[in-house]
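Here is a quick tour for anyone meeting this protein for the very first time. Take a look at the picture, and then we'll walk through a few of its parts.

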Amino acid sequence: MDTDVYDHIVVGAGSAGCVLAARLSQDIGRRVLLVEAGGPHSAETAEKIASPLAWPELLDSAACWGDTTVTQRATGTSTLIARGRGLGGSSAINAMMFARGHRSGYDAWETAGWAYADLLPYFRRSETAPHRDPAVRGTDGPLTPRPADPLSPLILAGLEAAAQCGHPTARDLSSGLEEGFGRPDWNIVAGRRQSATDAYLTSAVRARANLHIIDGALVHRLLIEQGRCTGVVYAPPDAPGTLVTVRSRRDVVLTAGAFGSAQLLLLSGVGPREHLRSLGIPVVHDAPEVGANLRDHPISNLVYRAAKPLAPGDQRGEVWGFCRSPYATDGPDHQILLVDAPGHRSHGLGRTYSISVILARPASRGTVRLASADPLTRPLIDPRYLQDGDDLKIMTAGVRAARRIGSAPALASWCHSEVAPGHEVDTDEELATFVRDNLGSINHPAGTCRLGTDEQSVVDTALRVRGVDGLRVADASVMPGALVGFPHATVYAIAERAAQLVRDAPAP
């Protein structure tokens with residue numbers, strides 16, 4: 001049945017969706033609908049979301065979709081890639097790190113007009129960071145990121161250890177302009193998480209008469225008629241077994257993330273022809289790159305038994321650095337993260353800390369594909385970790401660099417012993433095996449709806465889906481190349497720019 005007509009329909013209430021809904025509804029003449037698949041959180045889950053130290057528990061909760069990859073050829077295992085479910089999306093379950101990617105990583109975006117300098121006004125628009133350089137950081141945005149203060153003694157020792165190993169010290173690591181180690185900013189305010197919902201969907205915004213938010217409503221498909229997206233079809237939370245159609249006068253914007261946006265395009269007949277036909281989905285537009293170009297940042301953790309009690313602060317991982325391996329060519333290619341907790345593999349020891357190695361510029365690209373035409377069936381996610389280029393060599397070199405930090409004099413009083421990989425593991429081949437055997441995801445999927453100027457790109461430079469009028473994508477899926485660093489701040493900037501593009505576009 002048909003229920004209503006809006007000017008803009010935003011699908012997915014994660015970080016990007018919250019931005020779009022808030023910014024577009026500032027114009028009282030525009031009716032905006034925000035649709036989110038995840039339902040309201042229980043009081044217990046809501047408290048865990050608000051509590052910074054509780055975020056690991058959220059990865060096994062109703063606030064997370066619980067996606068896993070297909071078995072990876074490089075590791076012989078599958079791994080969890082977490083994404084948030086419910087208002088706030090991944091901003092409600094992530095580790096709250098707020099940092100732009102390193103500037104060098106945006107170079108691949110330059111030809112499409114989305115390089116660092118192009119995004120800078122939108123980075124600044126999203127934040128208020130009075131403790132940083134106002135020429136680079138924002139002064140009046142909804143987000144209020146701050147560095148951890150004070151740092152735990154272990155983390156301070158780790159910073160000194162990195163300097164002892166020759167790594168430069170960065171003044172504002174979250175700016176994306178520096179290499180080396182420093183204290184990044186966090187989405188933590190007065191000891192509580194600040195999610196996209198907290199920052200953008202405030203009580204005043206939710207009270208706007210022209211903004212309607214529906215959660216617990218999974219969008220099944222896009223309504224595409226004569227080459228134009230005119231609405232969406234969703235399952236309402238209060239009427240199981242029924243479907244509702246809502247229509248848009250101007251456009252539909254997908255903000256369901258690297259998995260959800262690609263999945264919805266495929267379910268709606270926009271994607272590789274042969275893949276759609278194999279599932280009996282009518283082809284609306286043959287778009288071979290929908291669901292292609294998936295990139296994620298894999299991580300391996302060195303684990304240390306602590307020689308004395310740890311005193312973690314408001315968050316578990318507190319400092320990290322942009323680093324270059326011997327294989328780096330045009331900027332940092334890995335990150336090293338010092339965490340005052342065991343990381344994703346505890347090895348059964350309580351008093352441990354870890355030094356994690358993150359592949360920041362993966363050459364390997366994977367896919368998101370449908371397992372069936374049923375929108376309730378999870379997609380097939382294949383990041384193809386460590387299969388291309390120098391990815392495994394860079395990770396192995398990163399482990400060696402992390403080890404040097406772990407054994408530096410500044411950490412000597414903290415380190416009882418190296419639990420993993422253990423000092424008996426030392427050759428390149430042994431360390432490469434350790435990387436493969438201890439590989440996880442740091443949950444940064446991107447690229448499945450690549451933007452670009454070429455006709456094969458899924459969206460153009462204004463984020464409009466090629467081949468379908470009235471449809472845009474504005475989330476991590478549009479990133480055209482590897483993001484060197486954490487993606488959260490960049491997703492906010494993409495969404496801020498998308499809101500400006502949508503507002504400035506003439507009515508059809």
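Let's begin with a glycine: Gly 269 sits just after helix 8 and takes a positive phi of about 90°. Keep in mind that what you're looking at is a predicted model.

Now step back to the helix itself. Is helix 8 enclosed by the rest of the structure or left open, and why? Helix 8 covers residues 257-267, and 11 of its 11 residues are buried, so the rest of the structure largely encloses it. Among those buried residues are Gly 257, Ala 258, Phe 259 and Gly 260, and the list also includes Leu 264, Leu 265, Leu 266 and Leu 267. As a bit of background, an α-helix has 3.6 residues a turn, so residues three or four places apart point the same way.

**Strands that hide away**

Strand 18, at residues 352-359, tells a similar story: 8 of its 8 residues are buried, so it is largely enclosed by the rest of the structure. In a regular strand, side chains alternate between the two faces of the sheet. For strand 18, both faces are covered. Thr 352, Ser 354, Ser 356 and Ile 358 are buried on one side, while Tyr 353, Ile 355, Val 357 and Leu 359 are buried on the other.

Strand 15 is another one to look for. Here 8 of the 9 residues are buried, so this strand too is largely enclosed by the rest of the structure.

Which strands pair up around here? The table gives the pairings, each one antiparallel, along with a residue pair to find in the picture.

| Strand pair | Bridges | Facing residues |
|---|---|---|
| Strand 15 (residues 298-306) and strand 18 | 7 bridges | Ile 299 and Ile 358 |
| Strand 17 (residues 334-339) and strand 18 | 6 bridges | His 334 and Leu 359 |
| Strand 15 and strand 21 (residues 415-420) | 4 bridges | Ala 306 and Cys 415 |
| Strand 15 and strand 22 (residues 439-441) | 3 bridges | Ser 300 and Leu 439 |

Ser 300 is worth a second glance. It stands opposite Leu 439 in strand 22, and it also stands opposite Val 357 in strand 18.

**Holes and hollows**

How many cavities of 30 Å³ or more does the structure hold? There are 5 of them, and the largest has a volume of about 80 Å³. Its lining includes Arg 295, Asp 296 and His 297, along with others such as His 444, Met 479 and Pro 487. Sorted by class, the lining of the largest cavity has 5 nonpolar, 3 polar and 2 charged residues.

Then there's the second largest pocket, with about 290 Å³ of space. It is lined by 15 residues, and the closest to its centre are Arg 464, Gly 470, Arg 472, Ala 505 and Pro 506. Strand 12 (244-254) and strand 23 (471-473) are the elements that give two or more residues to this lining. By class, the lining of this pocket comes to 8 nonpolar, 1 polar and 6 charged residues.

**A stretch with a label**

One last stop is a segment named in a record. An unreviewed UniProt entry lists residues 84-107 as "domain: Glucose-methanol-choline oxidoreductase N-terminal". How much of that stretch is helix or strand? Residues 84-107 are 0% helix and 8% strand, and the C-alpha atoms at the two ends lie 29 Å apart.

Terms used: Residues are numbered from 1 along each chain as its sequence is written. This is a predicted model: local features need pLDDT of at least 70, side-chain atom pairs count only at pLDDT 80 or more; totals for chains, interfaces and linings use all residues. Side-chain values use heavy atoms; hydrogens and water are left out. On a 1 Å grid over the protein atoms alone, a cavity is a set of points where a 1.4 Å probe fits but cannot get out, and a pocket is an open set with protein on both sides within 12 Å along at least five of seven lines; lining residues have an atom within 4 Å of a point. Grid points are joined across faces, edges and corners, and a volume is the space filled by probe spheres set on the points. Ala, Val, Leu, Ile, Met, Phe, Trp, Tyr, Cys and Pro count as nonpolar, Asp, Glu, Lys and Arg as charged, and the others, Gly among them, as polar. UniProt positions are given in the numbering used here, feature names are shortened, and annotations may be inferred rather than shown by experiment. Buried means under 20% relative accessible area, exposed over 50%, partly exposed in between (1.4 Å probe, protein chains only). Two strands pair if DSSP finds at least two bridges between them.
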